[in-house]
Every structure is written in C-alpha cells, then in structure tokens.
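Visitor: I'd like a quick tour of this one, with the reasoning spelled out. Can you put it on the screen?

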Amino acid sequence: MLTVLGIETSCDETAASVVAGASPGPGRILSNVVASQFDAHRPYGGVVPEIAARAHAELIDSVVERALSDAGLGLSQLDGIAVTAGPGLVGGVAVGLTMGKALALASGKPLVALNHLEAHALTARLVDGVGYPYLLLLVSGGHCQLLICRGVGQFQRLGTTIDDAVGEAFDKAAKLLGLGFPGGPAVEKAACGGDPARYRLPRPMAGTEGYDFSFSGLKSAVRRHVEVTELTDEAIADLAASFQAAAVAALIDRTKAALCGPEVRAAGIKSLVVAGGVAANAALGGALRGLAEAHGVRLVVPPRGLCTDNAAMVAWAGIERLEAGLSDGLAAPARARWPLDARMAGIAGAKA
Ligand code: KG4
Ligand code: ZN
C-alpha cells in the first residue's frame, strides 16, 4: 500500500491530492483540492495559456499545502510525488513539474513525471479497481481517442480524432450559441429542455472503416444553423440538444466499431471505461450504458469530479507506476505533446 501526493497543472485547473492504495484499486482519496480558473478565462471564451501559467504559479503553493493538511500528512509520510509532465499548456505544466521536483528533492521521495492521459486512463482503477485489459474511450478538451489499456505504460491506440477533440467541439458549439465558458456543462444544461431531433446535424465518420473521429464538420454545421436562425431560448436549447445528440452518436458509433473489431476481441476485453472531461456528460453515459449492455461488457464511468481534470487521478497513476518500479529523474522535461501509445510518438502530425 502506497501513499502519493499528486499535482496537476496542465490546463486550467490547479490541483493537488493525496491518495493511498494498491493495484488494482480502488484507492482511498485522502484529499482532493481543485482550484479552477474559469473566472480568469471567461472574458476570453477559452483558456489563455499565459493567464493559466500565471494563475498556476499564484495558486500552486496553497493548493499543495491544503492537500497535505486535508490529508493530515506531512511530506515525510508520503511514498512519492507524482506530477503531470504533459501533454498540455507547457507554461502551466512547468509550474506543477517544478513544484513536484522541488518537493521530491527536499523530501528525498521518488518523483513520477506523469503523462496526463495515463492519469485519465487509470482513473477507473482508482474508483473501481477494474482489471486490465480494458477498452478506453478518452474524451477531453484536447483528446478524443479509443485505446486498449493493458497496464501501466501499455496502451494501444485504435483511433483518434483527425481534427477537433470532442470537448473542443462542445466548447466551440457553446461559444456559437452564446452559452459561455466552459462549454461542455453549459451545452449539457441547455440541451436538457431541447428537442434533439429539431436540427439535422451530421454524425461524422459514422459507419466508416477504422476507429477515427472527426468533429470539425459538426461544428461547422452548428455555425451554419446559427447564421440563419434567430437564437431564441427555444432555438438555443434545440440546437444544443441536436449538437449533443450528434456528438454522442458519433462517439457511440466509433466505440461500437472498436468493440466489434478484431483488436478488442483478440485482447479478450470485458470492460469499457470512459475518461476525460466529456465523460461527465450524462447523455453520453446513458448511451454508453446501452452500448455496454448490448455487447456484454461492464461499463465504468468515474464520478463527474474525477472525469474532469484533478490530481487524485495523478496520485493514483503515480501509485501504479511506483508499484511497477518506475520513477523519473529531476531532469524530466515538461512536454506539450506526448502520445500515450509510444508507436505514435514519431509520426508527423499525430495528435498527442
Ligand atoms: O479532461 P478535461 O477536464 O481537460 C482536458 O484535459 O482537456 O476536459 C475538459 C473538457 C472541456 O472541453 C469541457 O467542455 C468538457 O471536457 N466537458 C464536458 C462536460 N464537462 C466537461 N463536455 C460535455 N458535457 C459535460 N458535462
Ligand atoms: Zn484532462
């Protein structure tokens, strides 16, 4: 059983958490502090990297201090320090990574410089103890991927987005509809009272070969409707509902293709896991439940607060890495791009 401090600063949440546990989980979250910067970015309608980096630098000390005091532990009682080292906005990543290195150096505890996507990918084990291998649908603001997770550092990417990530599409749709920032929860809320069948929007890539996603066409279709529609409350609700229905249908189509594909069947996969900020979407959760039932696999959806960026997932992934004998030196770099599947690392244009 290990106890690890996690630190997360790769986007617009400054977060720190202490988690105790052992593979395969579930783990025990002893503290979980998340300071969101929504207000700082709201006037710009999106995350501004320079503002994010500055806010992380201002918040990091107090967030880490609170995570330790909420857990009632000092540095000497930890088994290691895990920190997101990428992919993400590199100015923010550097703030967290520098803090992690400093704490590791001062305490003599091992440092784990983590891939943020691995932290999302392993969240289901933190909350559920799901066994490897599983099929992962990773849906966030920067990523939209289907992966087979076989173990720590062992990910096989089946498909990715060829343009926008699905969370990015939610954010852009929200902006077009005047729903503000962050867009995903705003679209979900607006869609609640809306008619998902009112506007015909494309289901990008549906029925095509392979497991890749595309969302830029869907976003453009929303823009075209916005240009010719009077945006009454009803029209906004119906457009939000129609967009959400199309985005969810696209995610379900690709996930279904993967569940039926030879890679998943050869791996003997019995669980479907969803991770990343968009996993907080209830319409997606409901649709995935139906898909999992139809295919006889177990579905694991982490609770909302552990789907969006947090440091408990970072601490947990740190526990799994330390258990596997993996740690990093103080020279570990901050990385803007860092694909989970090592085979993708050298491919030009491959999205992280
Ligand atoms: O994982 P995350 O917190 O940060 C990244 O690593 O990107 O994901 C943030 C993304 C944003 O695009 C946000 O709009 C989306 O997740 N999101 C949602 C919901 N909550 C957050 N999208 C749809 N429905 C939601 N309820
Ligand atoms: Zn994330």
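Visitor: Which residue has a polar backbone atom 3.1 Å from an oxygen atom of ligand 1?
Guide: Keep in mind that this is a predicted model. A side-chain N or O atom of His 120 sits 3.2 Å from a ligand 1 oxygen, but that one is a side-chain case. The backbone atom at 3.1 Å belongs to Gly 167.

Visitor: And how far is a backbone N or O atom of Asp 309 from an oxygen atom of ligand 1?
Guide: Asp 309 is listed with Gly 141, Asp 171, Gly 184 and Glu 188 as the closest of the 19 residues surrounding ligand 1. Its contact also goes through a backbone N or O atom, and the partner is a ligand oxygen. The separation is 2.9 Å.

Visitor: How much of the 550 Å² that ligand 1 exposes when taken alone does the protein bury?
Guide: The space ligand 1 takes up is the largest pocket, and 19 residues surround it there. Of the area exposed by the ligand alone, the protein buries 90%.

Visitor: Which helices each supply at least two residues of the shell around ligand 1?
Guide: Check the shell against the helix ranges. His 120, with its side-chain contact to the ligand, falls within 116-128, the range of α4. Two further helices, covering 166-176 and 183-191, meet the mark as well. So the full answer, by the helix definition used here, is α4, α5 and α6.

Visitor: Let's move to the strands. Is β2 mostly covered or mostly open?
Guide: In a regular strand, side chains alternate between the two faces of the sheet. Here one side of β2 carries Glu 13, Ala 15, Ser 17, Val 19 and Gly 21, the other Thr 14, Ala 16, Val 18 and Ala 20, and all are buried. With nine of its nine residues buried, β2 is mostly covered.

Visitor: Which residue in β3 is the bridge partner of Ser 17?
Guide: Ser 17 of β2 is already the bridge partner of Gly 6, in the antiparallel pairing of β1 and β2 over seven bridges. β2 also runs antiparallel to β3, with eight bridges joining them. In β3, the partner of Ser 17 is Asn 32.

Visitor: How many residues lie between β2 and β3 in their hairpin?
Guide: The hairpin of β1 and β2 has four residues between its strands. In the β2 and β3 hairpin, Gly 25 in the turn has a positive phi of about 95 degrees, and Pro 26 lies in that loop too. The count between β2 and β3 is six.

Visitor: Is the peptide bond from Gly 25 to Pro 26 cis or trans?
Guide: Most peptide bonds are trans, so omega is worth a look. A bond joining Tyr 132 and Pro 133 has omega about -5 degrees and is cis, with Pro 133 in the loop between α4 and β6. From Gly 25 to Pro 26, omega is near -5 degrees, and the bond is cis.

Visitor: What is the phi of Met 205?
Guide: Most residues other than glycine have a negative phi. Met 205, in the loop between α6 and α7, is partly exposed at 24% relative accessible area. Although not a glycine, Met 205 has a positive phi of about 70 degrees.

Visitor: Last one: is Ala 294 buried or exposed?
Guide: Ala 294 lies in helix α10. Its relative accessible area is 65%, and the cut-off is over 50%, so Ala 294 counts as exposed.

Notes:
Residues numbered from 1 in each chain as written. Chains lettered and ligands numbered in written order. Predicted model: local features only at pLDDT ≥ 70, side-chain atom pairs only at ≥ 80, totals over all residues. Heavy atoms only, no water. Buried < 20%, exposed > 50% of the residue type's maximum accessible area, 1.4 Å probe, protein only. Pairing = 2+ DSSP bridges. Near = heavy atom within 4 Å. Polar contact = N/O pair within 3.5 Å; in protein donor to acceptor, adjacent residues only side chain to side chain. Areas by Shrake-Rupley, 256 points an atom, 1.4 Å probe, with all protein chains shown as cover. 1 Å grid on protein atoms, 1.4 Å probe; cavity = no way out; pocket = protein on both sides within 12 Å on 5 of 7 lines; lining within 4 Å. Sits in = over half its atoms within 2 Å of the grid points.
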